[in-house]
Amino acid sequence: MSVTEKTRPEHGTERPTPVRGRPSRRTGRDGRPVRAWELIVRYVLLLGVLALTIGPFLWQLSTSLKGPTEDIYSSTPSFLPEHPTLHNYARVADTIPVWDYVLNSLKVAVASVVTNCVGSALGGYAMARLRFAGRRALTLVFVLAMLVPVESIIIAQFTTMRELGLNNTLIGVILPSCVSSLNVLLMRNAFLNLPHEVEEAAYVDGANVWQRFWYIALPSVRGTLAVVAIFAFMGAWDDFLWPLIVLNDPSKFTLTIGLNYLHGTFANDQRLVAAGTIIAVAPLIALFACLQRYFFRGVGEGAVKG
């Protein structure tokens with residue numbers, strides 16, 4: 001009997017070819033079937049979180065598009081504007097120099113992103129990869145720095161900026177938050193997840209520490225670097241208390257301070273306030289839209305690519 005005849009199945013014993021298709025029941029990550037009521041609860045919770053997070057923004061957007069004849073204080077307000085208009089955004093520019101404030105905020109935010117990305121990447125790599133005395137103590141210092149409330153050291157920061165002659169300058173706004181302890185720890189953890197074999201091979205090939213950092217380690221943590229960039233931009237763009245304390249020249253105000261002029265002493269036009277809010281939020285949405293592909297890569301950070 002040949003090998004072909006031995007391996008050939010007998011008549012009537014052939015296994016049916018499996019039909020590929022969707023499973024009859026949905027399963028979770030652990031392979032356990034998910035019941036219908038569990039799916040309903042999950043989607044209800046997701047819709048509730050979506051309404052709490054996106055709802056206020058959509059309401060502000062709707063208010064900013066409503067004309068002066070529409071009532072925004074009625075007991076049953078309409079979500080969609082009857083006659084959408086962009087006139088409120090033009091009125092914001094007529095009321096305050098909003099674009100000058102946007103430019104000042106953009107300068108502060110971009111500088112904060114650059115300093116945080118550079119400083120946290122260098123500090124995180126040194127704490128994760130270099131061997132030096134006091135490395136663990138330095139990590140503990142960064143952890144303790146996160147526990148200190150900003151309000152408790154803001155007077156010391158103001159005094160320091162005054163002694164340096166940086167009060168009423170954009171540099172004075174940037175300097176206290178140019179490198180965040182949270183961002184340094186994020187980069188440290190990202191570098192710790194990288195395999196040592198890759199850097200050891202580069203070391204054998206003659207690469208120095210700067211070459212290993214720039215060509216091997218840094219490209220592997222682009223996802224975490226994008227997270228640092230987003231956190232730094234949001235923190236600098238949304239900061240209100242510190243610029244309010246250190247700045248007193250209206251020409252140097254950031255957007256968060258300048259928007260306060262939309263609130264009148266005796267009356268407020270919520271359409272103007274809503275339009276100013278949308279102007280302030282739009283750059284954050286644009287930044288996240290550009291970096292979201294890197295933002296969600298944190299799970300596979302440090303993996304070796306073939």
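Biologist: Which residues are linked with R91 in a network of salt bridges?

Modeller: R91 shares its network with D269 and R271. Keep in mind that this model is predicted. The structure holds five salt bridges in total.

Biologist: Why is the pair R35 and E38 called a salt bridge?

Modeller: The cut-off is 4 Å between a side-chain nitrogen of Lys or Arg and a carboxyl oxygen of Asp or Glu. The side chains of R35 and E38 meet at 3.6 Å, N to O. That value is within 4 Å, so the pair counts as a salt bridge.

Biologist: How do you know whether R35 and E38 are buried or exposed?

Modeller: We set each relative accessible area against two limits: under 20% is buried, over 50% is exposed, and in between is partly exposed. R35 has 43%, so R35 is partly exposed. E38 has 13%, which means that E38 counts as buried.

Biologist: What makes E199 and R129 a salt bridge?

Modeller: The closest N and O atoms of E199 and R129 are 2.9 Å apart. With a limit of 4 Å, the pair therefore qualifies. E199 lies in helix α9 (residues 196–204) and R129 lies in helix α4, so this pair ties together parts that are 70 residues apart in sequence.

Biologist: Why are E199 and R129 called buried?

Modeller: E199 has 10% relative accessibility, and R129 also has a relative accessible area of 10%. Buried means under 20%, so both residues belong in that class.

Biologist: Which salt bridge joins E199 to R212, and how do you know that it counts?

Modeller: The side chains of E199 and R212 meet at 3.6 Å, N to O. E199 is in helix α9 and R212 is in helix α10 (residues 209–220), so the pair ties together parts that are 13 residues apart in sequence. The 3.6 Å value is within 4 Å, so this is a salt bridge as well. Both E199 and R212 are buried.

Biologist: What else is E199 in contact with, leaving aside its neighbours within four places in sequence?

Modeller: Besides R129 and R212, E199 is in contact with Y125 and I216. A contact needs heavy atoms within 4.5 Å, so these residues pass that test.

Biologist: Let's turn to the nonpolar core. How many residues does the largest one have, and which have the most contacts inside it?

Modeller: The largest nonpolar core has 53 residues, and F191, W237 and L255 have the most contacts inside it. Helix α4 (residues 98–129) gives the most to this core, with 10 residues.

Biologist: Which residues does W237 touch, not counting those up to four places away in sequence?

Modeller: W237 touches V102, S105, L106, A109, L255, T256, A280, P283 and L284.

Biologist: What makes the nonpolar patch on the surface?

Modeller: The patch is made by L47, L50, I54, L58, W59, F79 and L80, and covers about 660 Å². L47 has its place in helix α2 (residues 36–64).

Biologist: Why is L47 called exposed, and why can L47 be part of a patch?

Modeller: The relative accessible area of L47 is 56%, and exposed means over 50%, so the word applies. A patch asks for over 30%, so L47 meets that limit too.

Biologist: What is the count of disulfides?

Modeller: The count comes to zero disulfides. A disulfide needs two cysteine sulfur atoms within 2.5 Å, so no pair here meets that limit.

Biologist: How do you know whether C178 and C290 are buried, partly exposed or exposed?

Modeller: C178 has 21%, and 20% is the limit for buried, so C178 is partly exposed. C290 has 57%, over the 50% limit, so C290 counts as exposed.

Biologist: Where does V227 lie, and how far from Q292 is V227 in space?

Modeller: V227 lies in helix α11 (residues 222–238). V227 and Q292 are 9.0 Å apart, C-alpha to C-alpha, although 65 residues separate them in sequence. Leaving aside neighbours within four places, V227 is in contact with L186 and F295. At 14%, V227 is under the 20% limit, so V227 is buried.

Biologist: And the chain as a whole: how many helices and strands are there?

Modeller: There are 14 helices and zero strands. Of the 306 residues, 32% count as buried. The accessible surface comes to about 20,100 Å², and 64% of that belongs to carbon and sulfur atoms.

Methods. Residues numbered from 1 in each chain as written. Predicted model: local features only at pLDDT ≥ 70, side-chain atom pairs only at ≥ 80, totals over all residues. Heavy atoms only, no water. Core = buried A, V, L, I, M, F, W, Y, C linked by side-chain atoms within 4.5 Å. Buried < 20%, exposed > 50% of the residue type's maximum accessible area, 1.4 Å probe, protein only. Helix = DSSP H or I, 4+ residues; strand = E, 2+ residues; numbered from the N terminus. Patch = residues over 30% accessible without salt bridge, like charges linked within 9 Å, V, L, I, M, F, W, Y side chains within 5 Å. Areas by Shrake-Rupley, 256 points an atom, 1.4 Å probe, with all protein chains shown as cover.
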